[in-house]
Amino acid sequence: MPGLYSSATSQQPMASLGVRPATYSSTSVHEQDSGLDWAGQIVDKHMLEDRSYPDLSELLQVPSHDYPTASGLSEYDYPSHSVHGVGLSSLAQVRETKHTPLPPELVERFAHMQCNCNMGLFPEINRAWLTIDSDIFVWNYEDSGDLAYFDGLNETILSVALVRPKPDIFQSHIQFLLCLATPIDIVLLGVSFTSSRAGGAAEEPYAEMHLLPDPLFTIPSDNTYVTDIAASGNGRVFMAAKDGCLYELFYQAEDGWFTRKCRKINHSHSKLSFLVPSFLNFSFLEDDALVQIAIDDTRNILYTRSEKGTLQVFDLGSDGLGMSRVASVSQQTAVYNASLIVRTIDKSNFKPIVHVAAVTSEESANIHLVAVTHTGVRLYFSTSHFYSQQREPYTLSLVHVRLPPGFCASAAVPRPSHVHMAHYKNGSALVVRRQTSLRSMFMSLCVFGSASAAISAGYLGSLKMLMWLKLG
């Protein structure tokens, strides 16, 4: 091995300096090689253990889709820190590591707000966004710098989404699209960035953001009130609407024979619905607005949640370019199934459903969706049989009910209630529950424990909540 042997020429200068050269026997070299091999085997073993982390269904002890289970009723489901070792009971479970204020330019804008304000995060580009009426502001949430804005709309912005564009549609400098929905129009803006390299450090690709002043596409909303926008990894844009329909904002490079460059497609109506008079279509529609979209890019599945808690499953096809609705479960059915699994808990704890999140294939091969209720209960669903060779979804089965802390007899913490916001990623869920009009509390829930902290509400507090809801 290099560096273990010294030649005669290299020993002479060392001897002249009075330094005795090191000698190595064949036995010591062999022992060192064996030690390195052993160390390499240990590293490989631990890397293999990290990669072989148990499936979520194994952690929740769900043997099959036909045998749903429950957890959270035992004190061992949420063990106290004090039972794990001395001093852990005084360890802060949640602490604020960084506080970044709003850009001062935005604070002044609140005084001129007339009717609406929304905010959120774009973690892909390290940006936070804020809409005030018809204007949108985007800035770097790490240092409150690089504030960009767009004020070219006349109507209140209802929903916002960041989209990776489809390939070969736009010029290369357009790295993202910003989709804005108002009561009148749906707009796609181009987003580009200027990278920077400071002091020999690694290049920062999203150093300076630029919003193109002219929209790439603008189409009328046709009186569609958009409640949520979500984009798939391959650049498709889906919109949930107050009329209970799922729409897609379809865009392409050129006009087709019978299609425009950009148009709105209703995926909740059949292709023959145009043969039925519009007043009959509306008469058969149930008044149940879609309020959330969740997309699993690892399986090409799209989920929707309605205002009344109905969950729908759409198969996007093996290439992610298709669209077909394959399953739908009402909130009443989900509550009934949960009550059969946990018979000792009042049914009111299983509704309403306030959030849904897709579970990626990296986390679980068997569990595909998690829903959070207003009491912090997590409902885990599967869209196929466990370990099935069939990749396409065809059902939505409740396989596990996870109760939050507070349901076991010896619980030291109160049960959560009035949960109105949640976020789930990689087995951990953050739920925000309202205590008063000016104060909220969030809880961090995982398969093996929980933590909680109180935070202030209001504009600044809501932004801090959203910052905390960014998991990695």
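Let's start with Cys262: this residue is buried, with a relative accessible area of 7%, where buried means under 20%, exposed over 50% and partly exposed in between, using a 1.4 Å probe and protein chains only. Before I go on, this is a predicted model, so local features need pLDDT of at least 70 and side-chain atom pairs count only at pLDDT 80 or more, while totals for chains, interfaces and linings use all residues. Residues are numbered from 1 along each chain as its sequence is written, and side-chain values use heavy atoms, leaving out hydrogens and water.

How many disulfides do we have here? Taking a disulfide as a pair of cysteine sulfur atoms within 2.5 Å, the count is zero. Cys262 is in no disulfide, and the nearest cysteine sulfur, belonging to Cys179, is 8.5 Å away.

Another cysteine, Cys245, is buried too, at 1% relative accessibility. Cys245 is in contact with Ala240, contact being heavy atoms within 4.5 Å. Ala240 itself is buried at 0%, and it also touches residues farther off in sequence, including Tyr225, Asp228, Leu290 and Ile293.

Now over to Asp133, my favourite. Is Asp133 paired in a salt bridge or unpaired? It is buried yet has no salt bridge, and Arg109, the nearest side chain of opposite charge, is 8.5 Å away. Here Lys and Arg count as positive, Asp and Glu as negative, with His and the chain ends not counted; a salt bridge needs a side-chain nitrogen of Lys or Arg within 4 Å of a carboxyl oxygen of Asp or Glu. What Asp133 does have is a side-chain polar atom 2.9 Å from the backbone nitrogen of Cys115.

How values were computed
Polar contact = N/O pair within 3.5 Å; in protein donor to acceptor, adjacent residues only side chain to side chain. Lists of a residue's contacts leave out its neighbours within four places in sequence.
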